[in-house]
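Please explain how this chain is laid out, beginning with individual loop residues and ending with the chain as a whole.

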Amino acid sequence: MAERRDPEQERAHRRRQLILTLRAFALAGFDEGAGGHVTARDPIEPDTFWINPFGRHFGHVRDDDLLRVDHTGDVVDGSGRINPAGYAIHSAIHKARPDVVAAAHTHSIHGRAFSALGRPLAPITQDACAFFEDHEVHDEYGGVVLDGAEGDRIAATLGTGKAVVLRNHGLLTVGGSVAEAAWWFLAMDRCCQVQLLAQAAGELVVIPADAARAARADIGTPQIARLNFRPVAEHVLALSPDLTD
């Protein structure tokens, strides 16, 4: 049973999960320069969302660093700058998908390499089945995403899925909680790595569609994503004394 929180408690929870996600992404090597952004919809004012500040390393972001942004791109809570591309992409997704609480996008190595192929993940492992028929490929690259129109196109490509491969750019995942979006990104990047290795070694052996769908029903659920993120968060907390209560 999901823990019940009042709106203020839920806001604090989402902010904390955002910090844990950023720290986990730093440990995974997803931080690269000023690129990459993770957002969490605010439960009190749901037309706003929390985002990591522009130009700060994922591994050093603290609760006080988080910024809350409104639908016009203005910072309404916190002090700092936001990544323009982050706003263009995430604002469109949060607007198009009321069910989405969080979205994650970074310039991970394997995600970028796989995105250059312009194809979806193949169900070649049990883990990859979590994304079978539940992600899309945004099959165009028009430069750095700095305008709302491109953000809208990405949101349209994402549709109702949990992830999108941005061709020649990288990965983006979403979830009904921060933990879900975070786990799907971690898992998808690893699946990209596995497929790149497998197809470099030989011909891929693909899991039949019916079996892949059955596996997705078991391991591609929000509950499993939250469960899988727990040990990740536990490890981050063990390495981050500043986050302990």
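In which loop is E133 found? In this predicted model, E133 sits in the loop between α3 (109-115) and β6 (135-138). Its backbone deserves a moment of attention, since the phi of E133 is near 55 degrees, a positive value in a residue other than glycine. As background, most residues other than glycine have a negative phi. E133 has a relative accessible area of 48%, and because this value falls between the limits of 20% and 50%, the residue is classed as partly exposed.

A positive phi is also found at N168, a residue other than glycine, where the angle is near 60 degrees. N168 belongs to the loop between β7 (163-166) and β8 (170-175), and with a relative accessibility of 42% it counts as partly exposed. The loop between β7 and β8 is also the place of H169, but H169 is buried, its relative accessible area being 15%. The reason for that label is the cut-off, because buried means under 20% relative accessible area. As for its position relative to the rest of the chain, H169 is 56 residues away from A113 in sequence, while the C-alpha atoms of H169 and A113 are separated by 8.6 Å.

Another loop to look at is the one between α2 (84-96) and β5 (102-106), which contains D99. D99 counts as partly exposed, at 46% relative accessibility. Once residues up to four places away in sequence are set aside, D99 touches G175 and G176. A separation in the other sense is given by the pair D99 and F25, which are 74 residues apart along the sequence and 23 Å apart in space, taken from C-alpha to C-alpha.

Is N83, in the loop between β4 (75-77) and α2, buried or exposed? N83 has a relative accessibility of 10% and so counts as buried. Its contacts, leaving aside neighbours within four places in sequence, are with A34, G35, G36, H37 and F54. With E10 the situation can be stated as a distance: N83 and E10 are 73 residues apart along the chain, and their C-alpha atoms are separated by 25 Å.

One of the contacts of N83 is G36, and G36 can be followed in turn. G36 is found in the loop between α1 (7-27) and β1 (37-41), and at 4% relative accessibility it counts as buried. Not counting residues up to four places away in sequence, G36 touches N52, F58, N83, H105 and T106. G36 can also be placed against L172: the two are 136 residues apart along the chain, with their C-alpha atoms separated by 10.0 Å.

These residues lead on to the enclosed space in the model. How many cavities of 30 Å³ or more are there? The count comes to 2, and the second largest cavity holds about 30 Å³ of space. G36 is one of the residues that line this second largest cavity, and the lining also includes N52 and F58, both of which are in contact with G36. A34, G35 and F54 are likewise among the lining residues, and each of these three is in contact with N83. The remainder of the lining is made up of D31, G33, P53, G55 and R56. Sorted by class, the lining of the second largest cavity has 4 nonpolar, 5 polar and 2 charged residues.

The view can now be widened to the chain as a whole, which has 7 helices and 8 strands. Its C-alpha trace spans about 50 × 40 × 30 Å along the principal axes. How does the radius of gyration stand against that of a compact globule, and what value does the chain have? A compact globule of 245 residues would have a radius of gyration near 18 Å, and the 17 Å of the chain agrees with this. Of the 245 residues, 48% count as buried. The chain exposes about 11600 Å², of which carbon and sulfur atoms supply 52%. Finally, among contacts between residues at least 6 apart in sequence, 69% join residues at least 24 apart.

Conventions
Residues numbered from 1 in each chain as written. Predicted model: local features only at pLDDT ≥ 70, side-chain atom pairs only at ≥ 80, totals over all residues. Heavy atoms only, no water. 1 Å grid on protein atoms, 1.4 Å probe; cavity = no way out; pocket = protein on both sides within 12 Å on 5 of 7 lines; lining within 4 Å. Points joined across faces, edges and corners; volume = space filled by probe spheres on them. Nonpolar A, V, L, I, M, F, W, Y, C, P; charged D, E, K, R; others polar. Helix = DSSP H or I, 4+ residues; strand = E, 2+ residues; numbered from the N terminus. Rg over C-alpha atoms; globule rule 2.2 N^0.38 Å. Buried < 20%, exposed > 50% of the residue type's maximum accessible area, 1.4 Å probe, protein only. Contact = heavy atoms within 4.5 Å. Areas by Shrake-Rupley, 256 points an atom, 1.4 Å probe, with all protein chains shown as cover.
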